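Reader: I'd enjoy going through this one with you, a question at a time. Let's have the sequence and the model in view before we begin.

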Amino acid sequence: MSYISELRKYIGHQPIINIGATIIVLNDKNEILLNLRSDTDTWGIIGGGMELGESLEETAARELWEEAGLKAERFELLDVLSGGELFFRYPNGDETYTVIVLYKAVDVSGELRINDDESRRLQFFPLNALPELESRAEYVIGKIKNII
């Protein structure tokens, strides 16, 4: 069971601060990899919350594998994002203020494959033709379009 799931047993839906890694994966056409989230039915960026004892780079590697079946040779730090714009209420009522440590995956290998139940589909999209995004993904992409 994840750290956040365990924490939720004690605090219910109350707001928490959640630190996680979000990973930008670009293909050779400079399209961004998105996942169709099973919880919100919107598109998001690969990533998730840090578990106890993990480094952020380990979190990035685990999430990239779990959500997309991919591995990266290394992760390039792009930005750290936080604040009220990253407040999120999940469909089940859980509330979180997310601190996003944003990485770009470098030298990516593997076959696209969903290894968990958090995604329903994976697809690359041009940055100028994005689908309906989950609010945090929309915020992140808006902040970084000019640096990726």
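**Sheet, cores and rings**

Reader: What is the relative accessible area of Y90?

Author: Y90 is partly exposed, a class that lies between buried (under 20% relative accessible area) and exposed (over 50%), computed with a 1.4 Å probe on protein chains only. Please keep in mind that this is a predicted model, where local features need pLDDT of at least 70 and side-chain atom pairs count only at pLDDT 80 or more, while totals for chains, interfaces and linings use all residues. Residues are numbered from 1 along each chain as its sequence is written, and side-chain values use heavy atoms, with hydrogens and water left out. For Y90 the relative accessible area is 21%.

Reader: Glad to have that clear. How many residues of strand β2 are buried?

Author: Strands (E, at least two residues) and helices (H or I, at least four) are DSSP runs numbered from the N terminus, and β2 spans residues 32-37. In a regular strand the side chains alternate between the two faces of the sheet. On one side of β2, I32, L34 and L36 are buried, and on the other L33, N35 and R37 are buried too. The count of buried residues in β2 is therefore six of six.

Reader: Which residue is the bridge partner of L36 in β8?

Author: Strands pair if DSSP finds at least two bridges between them; β2 and β8 (residues 119-125) run antiparallel and are joined by six. Within this pairing I32 stands opposite F125. The partner of L36 in β8 is R121.

Reader: And the turn: which residue there has a positive phi?

Author: Three bridges join β2 to β3 (residues 43-45), again antiparallel, and N35 is matched with G44. β2 and β3 form a hairpin with five residues between them. The turn residue with a positive phi, about 60 degrees, is D41.

Reader: What does the twist average from one strand to the next?

Author: The open sheet has three strands in the order β3-β2-β8, with antiparallel pairing. Its edge strands, β3 and β8, each pair on one side only. From one strand to the next, the twist averages 40 degrees.

Reader: Which strands does helix α3 touch as it packs on the sheet?

Author: Let me start with helix α2 (residues 56-68), which packs on the sheet, touching β2, β3 and β8, with its direction at about 105 degrees to that of β8. Helix α3 (residues 135-144) packs on the sheet too, at about 55 degrees to β3. Such angles run from 0 to 180 degrees between N-to-C directions, with axes fitted to C-alpha atoms, for helices over the stretch in contact. The strands touched by α3 are β2 and β3.

Reader: Lovely. Which element gives the most residues to the largest nonpolar core?

Author: A nonpolar core is a set of buried Ala, Val, Leu, Ile, Met, Phe, Trp, Tyr and Cys residues joined through side-chain atoms within 4.5 Å; the largest has 20 residues, of which I24 and L34 touch the most other members. Two or more residues come from each of β2, β3, β5 (70-81), β7 (95-110) and α3. With four residues, the element that gives the most is α3.

Reader: How wide is the arc within which the buried residues of α3 fall?

Author: The buried residues of α3 are R136, A137, V140, I141 and I144. Seen down the axis, they line one face of the helix because their arc, taken from the directions from the axis to the C-beta atoms, is narrow enough to be 130 degrees.

Reader: Last one: how far apart are the ring centres of F88 and Y90?

Author: Rings of Phe, Tyr and Trp (its six-membered ring) pair if their centres lie within 6.5 Å, with planes under 30 degrees apart called stacked, over 60 edge-to-face and the rest tilted; the count is four aromatic pairs. W43 and F125 are edge-to-face, with centres 4.9 Å apart and planes at 75 degrees, and they sit 82 residues apart in the chain, in β3 and β8. The rings of F88 and Y90 have their planes at 85 degrees, so this pair is edge-to-face, with centres apart by 4.8 Å.

Notes. Contact means heavy atoms within 4.5 Å.
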